[in-house]
Amino acid sequence: MSEQTAGTVTVAGTLVALLAFGYAEFMLPDRPLLSDYALVSGGLLPVVIGMLALASACLSLAYGLATGEPGRTAATRVLLLAAAGGLMLCALFPTDATVIKSVSGEIHRWAGAVVFTTLPVAAWGLARGRAALPRWTAVKALSVTSAVALAVYLAAHPASFTSPWIGGEAYYGLLQRGLVLTEVVLVAAMAVAFMIRRTVMAPPVAGAAPAARDERLAA
């Protein structure tokens, strides 16, 4: 599988994840969190499909990075593999209906924490040190947005001691949906930015002037 194919598979995986989560959100009875849709009739399949589709997107992106920049992207690939593993565990071990009180619920919660924390760091590491081009600036902006959304979501979650102070129980579900959307888009943005990079750096046609190498390290 080539880098371009890996990038295309990544983007396709994120689109499938968005469609699956969107179906759960708009077609099923309202639930506090996205993972809770797996507990209602007809909700398990779209939730599992969404998680596994995003996991496959992370894996294909890691493959593309390993093919194109094996040395420079090592840390990013490790984080993407960790996120993919976390998503698979979330799909295999559903959450609890209310308070986390089972082994499955605990695995789901900590696997979700791995996913939410590794993807913003992976994106920042991938974009860090590259030329200040719009696509890499977008990846950095999305990674910061995702990190901020995660911090606010954790503060608003009913399990947090800060939640009563900010009335988090009223909107923590909305924050989680925004966080999930940001991270799914972030994976797609990383793939697109990397695919564009390979297009720009493609060998020039014989007799043509060499293309500018815009992926040099930033000063």
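These legends walk through several close-up views of a predicted model.

The model is predicted, so local features need pLDDT of at least 70 and side-chain atom pairs count only at pLDDT 80 or more, while totals for chains, interfaces and linings use all residues. Residues are numbered from 1 along each chain as its sequence is written, and side-chain values use heavy atoms, with hydrogens and water left out.

**View 1. The whole chain has seven helices and zero strands.**
Reading from the N terminus, the elements go α-α-α-α-α-α-α. Helices here are DSSP runs of H or I with at least four residues, strands are runs of E with at least two, and both are numbered from the N terminus. Of the 219 residues, 44% count as buried; buried means under 20% relative accessible area, exposed means over 50%, and partly exposed is in between, with a 1.4 Å probe and protein chains only. The accessible surface comes to about 10,900 Å², and 73% of that belongs to carbon and sulfur atoms. Those areas come from the Shrake-Rupley method with a 1.4 Å probe, and for residues only the protein chains shown count as cover. Take the contacts between residues at least 6 apart in sequence: 67% of them join residues at least 24 apart. A contact means heavy atoms within 4.5 Å.

**View 2. The largest pocket holds about 940 Å³ of space.**
Its lining has 37 residues, and Leu33, Arg109, Tyr153, His157 and Gln176 lie nearest the centre. The elements giving two or more residues to this lining are α2 (44-68), α3, α4, α5 (134-156) and α7 (172-200). With nine residues, α4 gives the most. By type, the lining splits into 24 nonpolar, nine polar and four charged residues. Nonpolar covers Ala, Val, Leu, Ile, Met, Phe, Trp, Tyr, Cys and Pro, charged covers Asp, Glu, Lys and Arg, and the others, Gly among them, are polar. A pocket is an open set of points on a 1 Å grid over the protein atoms alone, where a 1.4 Å probe fits, with protein on both sides within 12 Å along at least five of seven lines; lining residues have an atom within 4 Å of a point. Grid points are joined across faces, edges and corners, and the volume is the space filled by probe spheres set on the points.

**View 3. The second largest pocket has a volume of about 180 Å³.**
Leu18, Phe21, Gly22, Glu25, Leu34, Arg177, Val180 and Leu181 line this pocket. Two elements, α1 (3-27) and α7, give two or more residues to the lining, and α1 supplies the largest share with four. Five lining residues are nonpolar, one is polar and two are charged.

**View 4. Helix α1 carries a run of buried residues, Gly7 among them.**
The 25 residues of α1 reach 36 Å from first C-alpha to last, close to the 36 Å expected at 1.5 Å a residue; the expected span is 1.5 Å times one less than the number of residues. Buried residues in α1 include Ala6, Thr10, Gly13, Ala17 and Phe21. Gly7 is buried because its relative accessible area is 5%. Leaving aside neighbours within four places in sequence, Gly7 is in contact with Ala191 and Met195. Gly7 and Ala193 sit 186 residues apart in sequence, yet 9.3 Å apart C-alpha to C-alpha. In the segment before α1 you'll find Ser2, which is partly exposed at 38% relative accessibility. The C-alpha atoms of Ser2 and Gly68 are separated by 9.0 Å, with their positions 66 residues apart along the chain.

**View 5. Ala189, in helix α7, touches Val139 and Leu142.**
That contact list leaves out neighbours within four places in sequence. Ala189 counts as buried because its relative accessibility is 18%. Val139 and Ala189 are 50 residues apart in sequence and 6.1 Å apart in space, C-alpha to C-alpha. Val139 is one of the buried residues of α5, as are Trp136 and Leu150. The 23 residues of α5 should span 33 Å, and the end C-alpha atoms are 32 Å apart, which agrees.

**View 6. Thr95 sits in the loop between α3 (74-92) and α4 (103-127).**
With a relative accessible area of 11%, Thr95 is buried. Not counting residues up to four places away in sequence, Thr95 touches Ser35, Asp36, Leu39, Ile100, Gly105 and His108. Just after α4, Gly129 takes a positive phi of about 85 degrees.
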